[in-house]
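Reader: Hi, I've just opened this one and I'm new to it. Could you walk me through it?

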Amino acid sequence: MTDELVNAPKAGESTSPDLKWYVVHAYSGMEKAVERNIVERIQRAGMQSKFGRILVPTEEVMEVKNGVKRTTERKFFPGYVLVEMVMDDESWHLVKHTNKVTGFVGGAKNRPVAISEAEVRKIVDQMQEGSDKPRHKVEFEVGEYIRVKEGPFTDFNGTVEEVNYERNKLRVSVTIFGRATPVELEFSQVEKT
């Protein structure tokens, strides 16, 4: 989350009552570039007074690759950027014609509808929760049906009996020779079906 423009307050505290939040649709995977492009265009045009914060909603997720735990960032609204702005023809044109922006979400073609402060607060809270306690990239539930993709039980299907996120392991009930057998597997050895 970047607050590159006005010394931006936290979500819920607006710098101006005229600033409202709008959802901008961007090319998927280009959200951070769109954020930078909008900031640059605002500064070049000297329109800082018409813009507040620009957010790319992300959360941190834990992932295990080759036995190494890593925390990575995941966008929970891929292809969307939130922009706090005063909506007028000039500001609309600046954002709409930014490189890698396909348009605004909602409303008429040249008059998008703002989203509520409560919706923005919910998104910011979700972002904060993700940075305080990263979720796992893949989450399993007891009773869920999975397929083993590597190891001695490759191509067997089973049911999750227990999930241990600290050790990145599952206990799965696999049917071998007609009998349900509990097997301990790593997250990387299974996939959801």
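Author: Sure, we can go through confidence, layout, cores, salt bridges and a few single residues. Keep in mind that this is a predicted model.

Reader: OK, what's the mean pLDDT of the chain?

Author: The mean is 83, and 84% of the residues reach 70 or more.

Reader: And where is confidence lowest and where is it highest?

Author: Strand 7, residues 135–136, has the lowest confidence with a mean of 63. Helix 1, residues 31–45, has the highest, at 96. There's also a stretch to watch: over residues 1–14 the pLDDT is below 50. In the model that stretch has 32 contacts beyond near neighbours in sequence. Where pLDDT is low, the predicted coordinates should not be read in detail.

Reader: Good to know. How many helices and strands are there in the chain?

Author: Three helices and 12 strands.

Reader: And how much of the chain counts as buried?

Author: Of its 193 residues, 38% count as buried. The accessible surface is about 11,200 Å², and carbon and sulfur atoms hold 48% of that.

Reader: What share of the contacts comes from residues 24 or more positions apart?

Author: If you take contacts with a separation of 6 or more, residues 24 or more positions apart account for 62%.

Reader: Let's go inside. Which residues touch the most other members of the largest nonpolar core?

Author: Phe51, Val83, Met85, Val95 and Phe104 do, out of 20 residues in that core. At least two core residues come from each of strand 1 (20–26), helix 1, strand 2 (51–55), strand 5 (80–85), helix 2 (89–96) and strand 6. Helix 1 gives the largest share, four residues.

Reader: What about the second core?

Author: That one is separate and has 12 residues, including Val148, Leu170, Val172 and Phe187. As background, nonpolar side chains tend to be buried together in soluble globular proteins.

Reader: Which residues make the nonpolar patch on the surface?

Author: Phe77, Tyr80 and Val105 make a patch of about 230 Å². Val105 sits in the loop between strand 6 (101–104) and helix 3 (117–132).

Reader: Why can Val105 be called partly exposed?

Author: Because its relative accessible area is 36%, and partly exposed covers the range between 20% and 50%.

Reader: Switching to charges. How many salt bridges does the structure hold?

Author: There are 13. Take Glu90 and Lys50: their side chains meet in a salt bridge at 2.8 Å, N to O. Glu90 lies in helix 2 and Lys50 in the loop between helix 1 and strand 2, so the pair ties together parts 40 residues apart in sequence.

Reader: Are those two buried or exposed, or partly exposed?

Author: Glu90 is partly exposed at 48% relative accessibility, while Lys50 counts as buried at 19%. Lys50 and Glu90 are also linked with Asp88 in a network of salt bridges.

Reader: Which residue does Arg74 form a salt bridge with?

Author: Glu59, with the closest N and O atoms 2.1 Å apart. Arg74 is in strand 4 (residues 68–75) and Glu59 in strand 3 (residues 58–65), so to speak two distant parts of the chain, 15 residues apart. Arg74 is partly exposed at 29% relative accessibility, and Glu59 is buried at 4%.

Reader: And what does Glu144 pair with?

Author: With Lys192, the closest N and O atoms being 3.1 Å apart. Glu144 is in the loop between strand 7 and strand 8 (145–148), and Lys192 is in strand 12 (residues 190–192), 48 residues apart. Lys192 counts as partly exposed, at 42% relative accessibility.

Reader: Last topic, Ser28. Where does Ser28 lie?

Author: In the loop between strand 1 and helix 1. Ser28 counts as exposed, at 60% relative accessibility. Leaving out residues up to four places away in sequence, Ser28 touches Pro78 and Gly79.

Reader: How far apart are Ser28 and Lys100 in space?

Author: They are 9.1 Å apart, C-alpha to C-alpha, with their positions 72 residues apart in sequence.

Reader: And where is Val124 found?

Author: In helix 3. Val124 counts as buried at 15% relative accessibility. Its C-alpha atom is separated by 7.5 Å from that of Pro57, and the two are 67 residues apart along the chain.

Key: Residues are numbered from 1 along each chain as its sequence is written. This is a predicted model: local features need pLDDT of at least 70, side-chain atom pairs count only at pLDDT 80 or more; totals for chains, interfaces and linings use all residues. Side-chain values use heavy atoms; hydrogens and water are left out. pLDDT is the predictor's confidence in each residue, from 0 to 100. Contact means heavy atoms within 4.5 Å. Buried means under 20% relative accessible area, exposed over 50%, partly exposed in between (1.4 Å probe, protein chains only). Accessible areas come from the Shrake-Rupley method with a 1.4 Å probe; for residues, only the protein chains shown count as cover. Patches are made of residues with over 30% relative accessible area and no salt bridge: like charges are joined within 9 Å, nonpolar side chains (Val, Leu, Ile, Met, Phe, Trp, Tyr) within 5 Å. A salt bridge is a side-chain nitrogen of Lys or Arg within 4 Å of a carboxyl oxygen of Asp or Glu. A nonpolar core is a set of buried Ala, Val, Leu, Ile, Met, Phe, Trp, Tyr and Cys residues joined through side-chain atoms within 4.5 Å.
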